[in-house]
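Me: I'm new to this one and would like to know what stands behind the words people use for it. Could you walk me through it?

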Amino acid sequence: MKKLIAGAVLLGASSLAFAQPGCGVGAMIWKGQSGAAPHILAATTNGTFGNQTLGMTTGTLGCDTDQSVQSMAMFMDNNIDKVARDMSRGSGENLDTLAVLLGVEPADRESFRKVLQDNFATIFPSSDTTSGEAVDAIVSVLEQDKTLSKYVAA
């Protein structure tokens, strides 16, 4: 039982670290509440049910994600291992495909590859990282970059 509780806490904490529960079932349940507890509960609920990526892909569950992020999520579902390999090296056609799907202009692609490579450990914290977790982390990392945030703005 302790392992289950610890796992739930870690899952919630990891989701909180790189996901913003701005949408998904968790965000809908705790909508309008502020503070750490509702934020953690929303992130934990989204992580437990894995619904945030579904919402981002389909544009449901309160997710107002633009088409390019939805395209990236669908690409990641089928190519997560290839993208992880390219991202760890900072180059490769799968990483370039992500850039094209997000509409990253050619002038910003070197910065895009560098930012994702520098944040590889955040985007893929373990070998069990799901495509949904990686997409959430990529969006979060890009939102924090002054130049690249425009490509993931909803």
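Me: Where should we start, and what follows H6?
Reply: Right after H6 comes Gly103, which has a positive phi near 75°. Keep in mind that this is a predicted model.

Me: Which residues of H6 are buried?
Reply: Asn94, Leu95, Leu98 and Ala99 are the buried ones.

Me: What makes them line one face of the helix?
Reply: Look down the axis of H6: the buried residues fall within an arc of 150°, so they line one face. The cover over them includes H5, H7 and H9.

Me: Why is the link between Arg89 and Asp86 called a salt bridge?
Reply: The cut-off is a side-chain nitrogen of Lys or Arg within 4 Å of a carboxyl oxygen of Asp or Glu. For Arg89 and Asp86 the closest N and O atoms are 2.7 Å apart, so the pair counts as a salt bridge. Both residues sit in helix H5 (residues 67-89), 3 residues apart, so about one helical turn separates them. In general, an α-helix has 3.6 residues a turn, so residues three or four places apart point the same way.

Me: Is Asp86 buried or exposed, and how do you know?
Reply: Buried means under 20% relative accessible area. Asp86 has 1%, so Asp86 is buried. Its partner Arg89 has 48%, which puts Arg89 between the 20% and 50% limits and makes Arg89 partly exposed.

Me: Which residues are linked with these two in a network?
Reply: Arg85, Asp86 and Arg89 are linked in a network of salt bridges. A search of the whole structure gives 6 salt bridges.

Me: What makes Lys150 and Asp108 a salt bridge too?
Reply: Their N-to-O distance is 3.6 Å, and the limit is 4 Å, so this pair qualifies. Lys150 lies in the segment after helix H9 (131-143), while Asp108 is in the loop between helix H6 (93-101) and helix H7 (109-118), so the pair ties together parts 42 residues apart in sequence. Asp108, at 12%, is buried, whereas Lys150, at 48%, is partly exposed.

Me: How do you know that Lys114 and Asp118 are about one turn apart?
Reply: Both lie in helix H7, with their positions 4 residues apart, and that is about one turn of the helix. Their side chains meet in a salt bridge at 3.1 Å, N to O. Lys114 has a relative accessibility of 45%, so Lys114 is partly exposed.

Me: Why are H7 and H9 called oblique to each other?
Reply: Two packed helices are described by the angle between their axes and the distance between the axes. The axes of H7 and H9 come within 10 Å and cross at roughly 120°. Roughly perpendicular covers 65 to 115 degrees and roughly antiparallel is over 145, so this angle falls in neither class and the pair is oblique. The crossing is right-handed. Phe112, Val115 and Leu116 of H7 make the contact with Ile138, Val141 and Leu142 of H9.

Me: What makes Ile138 count as buried?
Reply: Ile138 has 0% relative accessibility, and the limit is under 20%, so Ile138 is buried. Leaving out residues up to four places away in sequence, Ile138 touches Met72, Met76, Met87, Leu98, Leu116 and Ile123.

Me: How many residues separate Ile138 and Asn119 along the chain?
Reply: They are 19 residues apart along the chain, and their C-alpha atoms are separated by 8.7 Å.

Methods. Residues numbered from 1 in each chain as written. Predicted model: local features only at pLDDT ≥ 70, side-chain atom pairs only at ≥ 80, totals over all residues. Heavy atoms only, no water. Helix = DSSP H or I, 4+ residues; strand = E, 2+ residues; numbered from the N terminus. Buried < 20%, exposed > 50% of the residue type's maximum accessible area, 1.4 Å probe, protein only. Arc of directions from axis to C-beta. Contact = heavy atoms within 4.5 Å. Axes fitted to C-alpha atoms, helices over the stretch in contact; angles between N-to-C directions. Left-handed = near helix turned anticlockwise from the far one by under 90°.
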